[in-house]
Amino acid sequence: MISVTEALEKLFLIAKVTPVETVELKKCLGRVLAKPLESTRSNPPFPSSAMDGYAIDKANLKSGAEFKVIGESAAGHSYPKKINKNEAVRIFTGSRVPDGANLVLMQEDVEADKKFIIVKENFDKKSNIRLEGTDFSKGYKVKTPLILGAKEISLLAAMNFAHLSVRKKPTVAIISTGDELVFPGESPKADQIIASNAYGIAALCKECGAEPRILPIAQDNLKSIEYIIGLAQDADLIITIGGASVGKYDLINEATNNFGVDKSFHKVAMRPGKPLMAGKINETALVGLPGNPVSALVCGYVFIQPLIQAMLGLEKKSAPRLMAPCSTSLPKNGPREHYMRAVLLPNGYLEPVENQDSARLALLCDSDALLIRAAHAEAIPAKTQCEYIKI
Ligand code: AMP
Ligand code: MG
């Protein structure tokens, strides 16, 4: 059995980065920018007013000074000429500051009629001008890889990019195995259950930028499993669920051997998730998840999401680990790294849920975190700082 860290390193070795495709900016949310960009424009592209007020030359500016209003500069409708001393142009936020002006008096700081303004006492002396390129200048570099959220898309839109080169979403074929399984919405017989993992794992893949495809359920025989795996060959990643342990009907190991899977590892020193398996069929990565719903999802957070991020060209790193004090004492841990379902309390403490059974999906759903106990960790008193992954 290998450690979680070793297993993740081996997974990164089979992670093939997806090719680049061009996508319309408005469809880029959540995608990963693959080619660095350089802005071809500055923002703002001209000196622009940060206030509603009057653009002036500040040479003769003092309280009581009088300026003649000679025109207007509105957003999209600049004042075309240069202004002279003792002249003012009515100006609005975002409008181009006319040549000759070097300060915008706030409208609250002047007495105004249609033709003249008079500066009040204690007026604001700030320039209230955003110089050309104060936000970003021509040549500003956008580095990759970059996950495109709302703020990144705003910036690239401001640079006038309408299409972006992004990583293709890794396609993930998800295969449930088991005679006892039916999909949600079907009518299970008395001894059947719902293949919930396929949906959970698909959601988890989608969450981190992949394109999941739920395949038909494979029955617990080699022929059926091999047939369904055969349907998945064009995917970037195949995930099987269940049948990974050592029971009579746990046939994933044998089926993948028959398929010529080049195994990276089978069994990881973790709890839950021990029967995890990984390898490669030609260029396609394959991960065999355990069937128990909590085990499958924990492996999803710990292995599948980092693997997909690596396939998207992002940094090869484990799920971010945070720190919080544990509300209770915990006993010495055994030889496997333990991912304990825990609630993050309003006071910042982590409270492990009362039962850590790997089939208790409802308790997983009540949890906010996986509190991590290292293999062989010593017993700890309450309030000890612990590492956790947010889920
Ligand atoms: P297995 O590894 O196939 O022995 O499965 C372990 C447990 O997980 C069994 O109770 C299965 O019924 C259950 N299980 C397997 N696959 C799924 C799935 N896709 N969704 C929900 N439960 C599953
Ligand atoms: Mg099974």
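A polar contact is a pair of N or O atoms within 3.5 Å; within protein, one atom must be able to donate a hydrogen and the other to accept it, and residues adjacent in sequence count only if both atoms are side-chain atoms. The model shown is predicted, so local features need pLDDT of at least 70 and side-chain atom pairs count only at pLDDT 80 or more, whereas totals for chains, interfaces and linings use all residues. Residues are numbered from 1 along each chain as its sequence is written, chains are lettered from A and ligands numbered from 1 in the order in which they are written, and side-chain values use heavy atoms, with hydrogens and water left out.

**View 1. Surroundings of ligand 1.** Around ligand 1 there are 14 residues (a residue is near if one of its heavy atoms lies within 4 Å), of which Glu 180, Ser 196, Asn 197, Gly 243 and Gly 291 come nearest. A nitrogen atom of the ligand is 3.1 Å from a polar backbone atom of Asn 197, while an oxygen atom of ligand 1 lies 2.7 Å from a backbone N or O atom of Gly 243. For Asn 292, a polar backbone atom is 3.2 Å from an oxygen atom of ligand 1. On its own the ligand has 480 Å² of accessible area, and the protein covers 78% of this (Shrake-Rupley method, 1.4 Å probe; for residues, only the protein chains shown count as cover). Strand S17 (193–194) and helix H3 are the elements that give two or more residues to the shell (helices, H or I, of at least four residues and strands, E, of at least two are DSSP runs, numbered from the N terminus).

**View 2. Asn 197 and its contacts.** Asn 197 lies in helix H3 and is buried, with a relative accessible area of 9% (buried means under 20%, exposed over 50%, partly exposed in between, with a 1.4 Å probe and protein chains only). Leaving aside neighbours within four places in sequence, Asn 197 is in contact (heavy atoms within 4.5 Å) with residues including Ile 241, Pro 290, Gly 291 and Asn 292. A polar atom of the Asn 197 side chain lies 2.5 Å from the backbone oxygen of Gly 291.

**View 3. The largest nonpolar core.** This core has 54 residues (buried Ala, Val, Leu, Ile, Met, Phe, Trp, Tyr and Cys residues joined through side-chain atoms within 4.5 Å), and Leu 289 and Phe 303 touch the most other members. Helix H6 (293–311) is one of the elements that give two or more residues to the core, and H6 gives the most, with 13 residues. Because domain 1 (4–18 + 169–311) and domain 4 (322–390) both give residues to this core, it lies between them (domain bounds come from an automatic or database domain assignment). Beyond its neighbours within four places in sequence, Leu 289 is in contact with residues including Ile 201, Ile 239, Cys 299 and Ile 304.

**View 4. Loop residues Ala 65 and Ser 358.** Ala 65 lies in the loop between strand S5 (53–56) and strand S6 (66–73) and counts as buried at 10% relative accessibility. The C-alpha atoms of Ala 65 and Ile 118 are separated by 5.6 Å, although these residues are 53 residues apart along the chain. Ser 358 is placed in the loop between strand S26 (350–352) and helix H7 (361–366), and counts as buried at 17% relative accessibility. Leaving aside neighbours within four places in sequence, Ser 358 is in contact with residues including Pro 272, Asn 292 and Arg 341.
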